[in-house]
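Look through the structure below with its sequence at hand. The paragraphs after it lead from selected details to the whole chain.

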Amino acid sequence: MKWKYILKRLLMAVPTFLGITVLAYFILNLAPGSPLDALLADPGITPAELERKRVALGLDQPVFIQYFSWLKLLLQGDLGFSYSTQRPVAAMIGERLPATACLAGASIILSLIVSIPLGIYAASKPNSRRDYISGGISLLMMATPNFFVGLVFIYLFAIVMKVLPSGGMYSSAGVKSGADLAMHMIMPCLVLSFQQIGGWVRHMRSSMLEVMQEDYIRTARSKGLKKWAVIYRHGLKNALIPVITVVGMSIPSLVGGAVVTEQVFGWPGVGSLMVTAINARDYPVIMGITVMIAAAVLAANILTDVAYGLLDPRISYN
């Protein structure tokens with residue numbers, strides 16, 4: 001039944017995916033500017049050469065014709081070529097994707113490691129000093145922009161204390177080692193996790209408080225089990241279900257945060273590639289990254305639903 005459910009969700013994801021590409025493509029073409037703007041800066045460019053370039057890129061066609069031409073290539077597994085570099089978009093994204101995946105994966109793991117225990121700790125004694133302090137810190141973390149946290153971290157750890165590199169993925173010495181990567185990843189990972197930790201702590205707290213009111217929790221307490229044994233043996237597994245939903249839906253905001261974080265720290269990932277493509281009006285690259293993000297979000301939603309059944313066998317896939 002689980003595989004039938006996954007197949008059904010995959011089929012339902014197809015029109016959603018197409019809808020995302022339609023909106024992204026048409027909104028992109030409504031933005032001011034053109035991929036030919038860079039050529040207009042060349043004083044030697046002639047109107048004939050500019051028109052030839054426009055026809056070669058297919059920009060002389062109506063927007064819906066351009067979209068279907070792009071979609072036809074996509075269905076063939078081809079993301080097209082960059083207007084700026086004339087390189088395959090898939091190759092450009094493939095070069096940057098490992099850096100972003102490494103940073104995003106480490107950020108998610110760090111956020112879970114920190115937020116779940118803090119949320120449980122706050123919920124273990126509601127309306128207490130620890131609960132109020134946890135709530136205040138969480139709100140502060142959620143309200144602080146990534147770029148501001150990044151600049152503060154660079155000033156403190158790279159300029160004042162000089163214990164961490166200020167940016168990049170590896171040092172300029174040219175030696176690419178795991179230890180060097182870890183040192184460069186500490187600050188971007190902390191910055192990308194900052195807002196997530198604040199939000200996930202509050203979700204974990206509220207979820208745990210709701211679970212602790214259930215009958216089976218009261219039954220476990222009546223049997224003489226200690227408070228923390230009740231929380232970890234009986235409450236934690238069910239309290240994680242809503243948190244998994246939040247984690248799955250955090251992928252778009254995670255990518256959005258990665259765009260800012262990668263720019264602040266000079267991290268050579270997909271986020272910085274997206275900024276470069278937007279500035280150059282490089283439509284194929286922008287759409288290629290949009291396709292990647294949309295596929296990741298849809299896959300995360302399906303995996304989240306499957307994880308529900310693993311955490312709670314009472315959940316049916318019918």
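**Salt bridges and helix packing**

Arg-54 is partly exposed, with a relative accessible area of 27%. The model in which this residue sits is a predicted one. Arg-54 takes part in a salt bridge with Glu-51, and the closest N and O atoms of the two are 3.4 Å apart. Both residues belong to helix 3, which covers residues 47-57; because they are three residues apart there, about one helical turn separates them. Glu-51 is likewise partly exposed, since its relative accessible area is 38% and the partly exposed class runs between 20% and 50%.

How many salt bridges does a search of the whole structure find? The search finds three. Another of them joins Glu-95 to Arg-87, with 2.5 Å between the closest N and O atoms. Glu-95 has a relative accessible area of 51%, so it counts as exposed. Arg-87, at 33%, is partly exposed.

Arg-205 and Asp-131 also form a salt bridge, in which the closest N and O atoms are 2.6 Å apart. This pair links distant parts of the chain, as Arg-205 is in helix 8 and Asp-131 is in helix 6 (residues 129-143), 74 residues apart. Is each partner buried or exposed? Arg-205 is partly exposed, with a relative accessible area of 24%. Asp-131 has a relative accessible area of 4%, and therefore it is buried.

The next topic is the packing of two helices. Such a pair is described by the angle between the axes and the distance between them. Helix 5 (residues 89-123) packs with helix 12 (residues 270-279) at an angle of about 135°, and their axes are 8 Å apart. Helix 5 is therefore oblique to helix 12. Which residues meet where these helices pack? From helix 5 come Met-92, Ile-93, Arg-96, Leu-97 and Thr-100, and they meet Val-270, Gly-271, Ser-272 and Leu-273 of helix 12.

One residue from each helix can be followed further. Thr-100 lies in helix 5. Its relative accessibility is 13%, so Thr-100 counts as buried. Leaving aside residues up to four places away in sequence, Thr-100 touches Glu-262, Trp-267, Gly-269, Val-270 and Gly-271.

On the other side of the pair, Leu-273 lies in helix 12. Leu-273 is buried because its relative accessible area is 6%, which is under the 20% cut-off. With residues up to four places away in sequence again not counted, Leu-273 touches Met-92, Ile-93 and Arg-96, as well as Val-285 and Ile-289. Gly-135 gives a second reference point: between Leu-273 and Gly-135 there are 36 Å in space, C-alpha to C-alpha, and the two are 138 residues apart in sequence.

Two loops come next. Arg-281 is placed in the loop between helix 12 and helix 13 (283-311). The phi angle of Arg-281 is near 55°, a positive value in a residue other than glycine. Arg-281 is partly exposed, with a relative accessible area of 24%.

Lys-162 has a phi angle near 55° as well, again a positive value in a residue other than glycine. Lys-162 is found in the loop between helix 7 and helix 8. With 64% relative accessibility, Lys-162 counts as exposed. The loop between helix 7 (146-160) and helix 8 (178-211) is also the place of Met-161. Met-161 is partly exposed, at a relative accessible area of 44%. Together with Tyr-155, Leu-156, Ile-159, Val-160 and Val-163, Met-161 forms a nonpolar patch on the surface, and these residues have about 560 Å² of accessible area together.

These details can now be placed in the whole chain. What elements does the protein chain have? There are 13 helices and zero strands. The C-alpha trace spans about 85 × 55 × 35 Å along its principal axes. The protein chain has 318 residues, of which 42% count as buried. The chain exposes about 17,400 Å², and carbon and sulfur atoms supply 68% of that area. Among contacts between residues at least 6 apart in sequence, 72% join residues at least 24 apart.

Methods:
Residues are numbered from 1 along each chain as its sequence is written. This is a predicted model: local features need pLDDT of at least 70, side-chain atom pairs count only at pLDDT 80 or more; totals for chains, interfaces and linings use all residues. Side-chain values use heavy atoms; hydrogens and water are left out. Patches are made of residues with over 30% relative accessible area and no salt bridge: like charges are joined within 9 Å, nonpolar side chains (Val, Leu, Ile, Met, Phe, Trp, Tyr) within 5 Å. Accessible areas come from the Shrake-Rupley method with a 1.4 Å probe; for residues, only the protein chains shown count as cover. A salt bridge is a side-chain nitrogen of Lys or Arg within 4 Å of a carboxyl oxygen of Asp or Glu. Helices (H or I, at least four residues) and strands (E, at least two) are DSSP runs, numbered from the N terminus. Buried means under 20% relative accessible area, exposed over 50%, partly exposed in between (1.4 Å probe, protein chains only). Axes are lines fitted to C-alpha atoms, for helices over the stretch in contact, and angles run from 0 to 180 degrees between N-to-C directions. Angles under 35 degrees count as roughly parallel, over 145 as roughly antiparallel, 65 to 115 as roughly perpendicular and the rest as oblique. Contact means heavy atoms within 4.5 Å.
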